[in-house]
Amino acid sequence: MEKKDIRKMNLQQIKDYFVSVDEKAFRAVQVWEWLWQKSARSFEEMTNLSKGLREKLESEFVLRPISIATSQKSNDGTIKSAFKLYDNELIEGVLIPADDRMTACVSSQVGCSLSCKFCATGYMDRKRNLDPGEIYDQVVAIDAQAKKDFNLPLSNIVFMGMGEPLLNYANVLEGINRITAEDGLNMSPKRITVSTAGIAKMIKKLADDEVRFNLALSLHAADDKKRNQIMPINESNTLEALREALMYFYQKTQNKITFEYILFYNFNDTLEDAENLLKFARQIPSKINIIEYNPISEANFKNTEEDRLEKFANYLKKNKVTVNIRRSRGKDIDAACGQLANKNKAA
């Protein structure tokens with residue numbers, strides 16, 4: 001019989017197991033702490049359990065921690081890691097250091113099914129969803145890197161790595177729950193941002209579930225014709241459908257939306273495009289992050305020129321929109337936004 005993954009059980013199920021084998025129920029709480037507070041990677045590490053009990057757990061359950069297959073450090077301090085999963089699949093995660101914060105960029109799927117034309121992950125197949133433990137483990141591993149290399153703990157988490165988080169809804173929410181829970185890593189949900197390409201019905205579900213983390217929409221064009229060209233998901237989730245879903249999300253959560261907008265040269269970087277973005281963004285309490293494009297070999301898009309970027313941003317600013325310009329990090333090791341594609345395969 002195949003062993004059960006203990007991290008896919010809830011606390012009550014673990015308690016029920018201990019009672020069924022004539023052990024005290026409080027043992028379940030000890031195991032739970034080892035799994036989700038102390039980030040144990042094996043039953044052997046659970047030293048407040050007897051050796052016999054650890055061996056029994058080992059014989060009946062599996063623990064499947066991820067491991068770092070390769071790591072690369074950029075000239076700017078960014079660290080990209082390829083994480084090896086229990087079935088030998090690979091995902092990538094990134095530590096982005098700054099003076100005032102340490103940010104982990106984590107993945108939610110092995111590959112992606114959305115085929116956004118400017119994103120390297122979009123040219124991969126989606127192999128499978130990550131489970132909550134694999135999401136949690138990325139945060140633990142990147143936090144350890146932050147402490148080792150910069151002597152600071154993680155301060156922020158962004159779900160902007162490989163995959164579409166809202167197509168792995170239950171696992172992503174449970175992963176965030178383990179990261180934010182008092183009996184987990186106890187991080188503030190206000191320091192977590194989930195980025196979506198835009199799936200209207202799942203944005204509404206986030207609202208109904210009253211999530212406390214931040215939501216970002218990868219927008220990149222504020223008219224349907226252009227957005228359809230670069231993001232096929234827009235054909236079934238139009239800007240109007242997204243506007244309605246985002247308003248619903250804001251009304252339920254009171255959390256402002258972040259719009260992410262990559263400026264592609266001669267595609268979406270004119271003042272007319274800025275006006276379209278302004279009209280869209282004004283309908284929902286929001287801020288805009290303008291992102292530098294990071295070229296990939298699979299696509300012919302180019303980053304816009306600096307003067308066009310300045311004109312675009314200034315147009316928005318003078319119309320009283322909150323705008324941040326996000327410069328690329330980790331470009332020299334393919335760790336920047338849109339570049340994660342497992343180029344460096346694990347041995």
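This report walks through the main sheet of a predicted model and a helix pair packed by it.

Residue numbers start from 1 along each chain as its sequence is written. Since the model is predicted, local features need pLDDT of at least 70 and side-chain atom pairs count only at pLDDT 80 or more, while totals for chains, interfaces and linings use all residues; side-chain values use heavy atoms, with hydrogens and water left out.

**The sheet**

Let's start with the strands. There are 10 of them in an open, mixed sheet, ordered S3-S4-S5-S6-S9-S10-S11-S12-S13-S14. Strands here are DSSP runs of E with at least two residues, helices are runs of H or I with at least four residues, and both are numbered from the N terminus. Two strands pair if DSSP finds at least two bridges between them. S3 (67-73) and S14 (323-326) each have a single partner strand, so one side of each has no neighbour in the sheet. Ignoring direction, neighbouring strands are turned by 20° against each other on average.

Here are three of the pairings, each with a facing residue pair:

| Strands | Sense | Bridges | Facing residues |
|---|---|---|---|
| S5 (residues 90-97) and S6 (residues 102-105) | antiparallel | 4 bridges | isoleucine 96 and threonine 103 |
| S6 and S9 | parallel | 3 bridges | cysteine 105 and valine 158 |
| S9 and S10 (residues 192-196) | parallel | 3 bridges | valine 158 and threonine 193 |

Valine 158 turns up twice: it is the bridge partner of cysteine 105 and stands opposite threonine 193 in S10. In S9 (residues 156-159), Asn156 and Val158 point one way, Ile157 and Phe159 the other, and all are buried (under 20% relative accessible area, 1.4 Å probe, protein chains only). S9 also joins H5 (residues 169-180) and S10 in a right-handed β-α-β unit, meaning that, with the strands pointing away from the viewer, the path from the first strand over the helix to the second runs clockwise.

**H9 and its neighbours**

H9 packs on the sheet and touches S12 (257-262) and S13 (286-291), its direction making about 165° with that of S12. Contact means heavy atoms within 4.5 Å. Angles run from 0 to 180 degrees between N-to-C directions, and axes are lines fitted to C-alpha atoms, for helices over the stretch in contact.

H9 (residues 271-282) also packs with H10 (residues 306-318), at an angle of about 35° and with the axes 9 Å apart. From H9, Leu271, Asp273, Ala274, Glu275, Leu277 and Leu278 meet Lys311, Phe312, Tyr315 and Leu316 of H10.

How values were computed. Buried means under 20% relative accessible area, exposed over 50%, partly exposed in between (1.4 Å probe, protein chains only).
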